[in-house]
Amino acid sequence: MILTVILVGLCSARAFAGFGDMYHCDLGIQGGCGYYTGDATPHIFMNVREAYGAFFRYRFTQRWALSLQGNAQRITGYNPDGNGYPASVNGKWINQLVNIDVSAEFNFFRFDDSRYDSRVKPFSPYIGIGFGATAHSHFSKVSGYMPFIIGFKWKFAPRCNLQLAWQHNVYFNDNLENVAEYNNSYGLNGSNIMNNDVAGQLLLGISVAFAMDKHRCLRCDEK
């Protein structure tokens with residue numbers, strides 16, 4: 001239902017806003033740090049590990065875009081004490097995550113490079129929401145999640161962009177750790193989403209734009 005509303009909104013924005021002269025596609029790489037919160041780590045940005053990946057963005061208008069990204073990150077926490085609680089004396093576990101997600105993005109400003117329109121800015125904060133899936137536990141399990149994104153974009157050259165994004169992934173289950181005592185240890189899956197695992201990343205990315213609109217000759221159209 002949410003995905004349908006997002007797609008309808010993007011198509012409507014494209015139909016009513018028009019295109020103008022702008023690049024519609026971005027291809028880039030990103031890197032930074034990732035975190036996990038769950039049964040073994042109660043707070044975000046604890047046991048932070050590296051995260052990195054690549055992304056592709058299609059811009060419908062200067063405000064609306066659809067992005068596809070793939071990221072890899074490792075999560076870690078303390079091993080359980082035998083009763084489902086983390087114990088620092090028992091050492092740590094590590095699990096590799098490979099994430100793929102699609103998100104709809106909304107720019108708060110009309111984001112582009114323009115010398116003639118003061119409403120268009122070379123920078124903009126933005127938000128995003130979508131759906132994704134993670135392969136983990138030596139690729140033996142796949143878990144779905146909903147990403148929530150807050151970020152900032154800066155077009156420092158006509159075809160080059162920088163972005164800083166914080167992505168918070170809320171999972172639909174409780175098994176990211178690949179540790180039996182942590183995987184739904186209280187039997188709450190399906191009844192309380194707050195019991196599910198959460199992972200996310202703080203990433204700095206750089207991208208190159210391509211696929212520019214064809215220039216139109218209005219005088220030629222009038223003839």
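**Figure 1. The lining of the largest cavity in this predicted model**. Sorted by class, the residues that line the largest cavity comprise 6 nonpolar, 6 polar and 2 charged residues. The volume of this largest cavity is about 100 Å³, and among the 14 residues of its lining, those closest to the centre are Gln-30, Gln-69, Gln-163, Ala-165 and Gln-167. Four elements each contribute two or more residues to the lining, namely strand S2 (49-59), strand S3 (64-78), strand S9 (160-171) and strand S10 (198-212). Of the elements, S9 gives the most to this lining, with 4 residues.

**Figure 2. The second largest cavity and the residues around it**. The structure holds 2 cavities of 30 Å³ or more, and the second largest of them encloses about 50 Å³ of space. Its lining is made up of Asp-26, Arg-57, Arg-59, Ala-65, Asn-107, Phe-111, Lys-153 and Asn-161. By class, this lining divides into 2 nonpolar, 2 polar and 4 charged residues. Two of the lining residues, Arg-59 and Ala-65, are also bridge partners, with Ala-65 lying in S3.

**Figure 3. The barrel and the order of its strands**. The barrel is closed by 8 strands, which follow one another in the order S1-S2-S3-S4-S7-S8-S9-S10 with antiparallel pairing. From one strand to the next, the twist averages 25°.

**Figure 4. The pairing of S2, S3 and S4**. Strands S2 and S3 run antiparallel and are joined by 9 bridges, and a hairpin of 4 residues leads from S2 to S3. In this pairing, Arg-59 has Ala-65 of S3 as its bridge partner. Strand S3 is also joined to S4, again in the antiparallel sense, through 15 bridges, and here the bridge partner of Arg-74 is Gln-96 in S4.

**Figure 5. The pairing of S4 with S7**. Strand S4, which covers residues 92-107, pairs with strand S7, residues 123-136, in the antiparallel sense over 11 bridges. A view centred on Ala-104 shows its bridge partner in S7, which is Ile-129.

**Figure 6. The surroundings of Phe-156 in strand S8**. Phe-156 belongs to strand S8, which spans residues 141-157. With a relative accessible area of 37%, Phe-156 is partly exposed, because this value lies between the limits of 20% for buried and 50% for exposed residues. When neighbours within four places in sequence are left aside, Phe-156 is in contact with Asn-161, Leu-162 and Ile-206. Of these contact partners, Asn-161 is also among the residues that line the second largest cavity. The C-alpha atoms of Phe-156 and Phe-123 are separated by 8.6 Å, although the two residues are 33 residues apart along the chain.

**Figure 7. Positive phi values at Phe-45 and Ala-211**. Phe-45, which is a residue other than glycine, has a positive phi near 60°. The position of Phe-45 is in the loop between strand S1 (23-37) and S2, and its relative accessible area of 38% makes Phe-45 partly exposed. Ala-211, likewise a residue other than glycine, has a positive phi near 65°, but the place of Ala-211 is in strand S10. Ala-211 counts as partly exposed, with a relative accessibility of 39%.

Methods:
Residues are numbered from 1 along each chain as its sequence is written. This is a predicted model: local features need pLDDT of at least 70, side-chain atom pairs count only at pLDDT 80 or more; totals for chains, interfaces and linings use all residues. Side-chain values use heavy atoms; hydrogens and water are left out. On a 1 Å grid over the protein atoms alone, a cavity is a set of points where a 1.4 Å probe fits but cannot get out, and a pocket is an open set with protein on both sides within 12 Å along at least five of seven lines; lining residues have an atom within 4 Å of a point. Grid points are joined across faces, edges and corners, and a volume is the space filled by probe spheres set on the points. Ala, Val, Leu, Ile, Met, Phe, Trp, Tyr, Cys and Pro count as nonpolar, Asp, Glu, Lys and Arg as charged, and the others, Gly among them, as polar. Buried means under 20% relative accessible area, exposed over 50%, partly exposed in between (1.4 Å probe, protein chains only). Contact means heavy atoms within 4.5 Å. Two strands pair if DSSP finds at least two bridges between them. Axes are lines fitted to C-alpha atoms, for helices over the stretch in contact, and angles run from 0 to 180 degrees between N-to-C directions.
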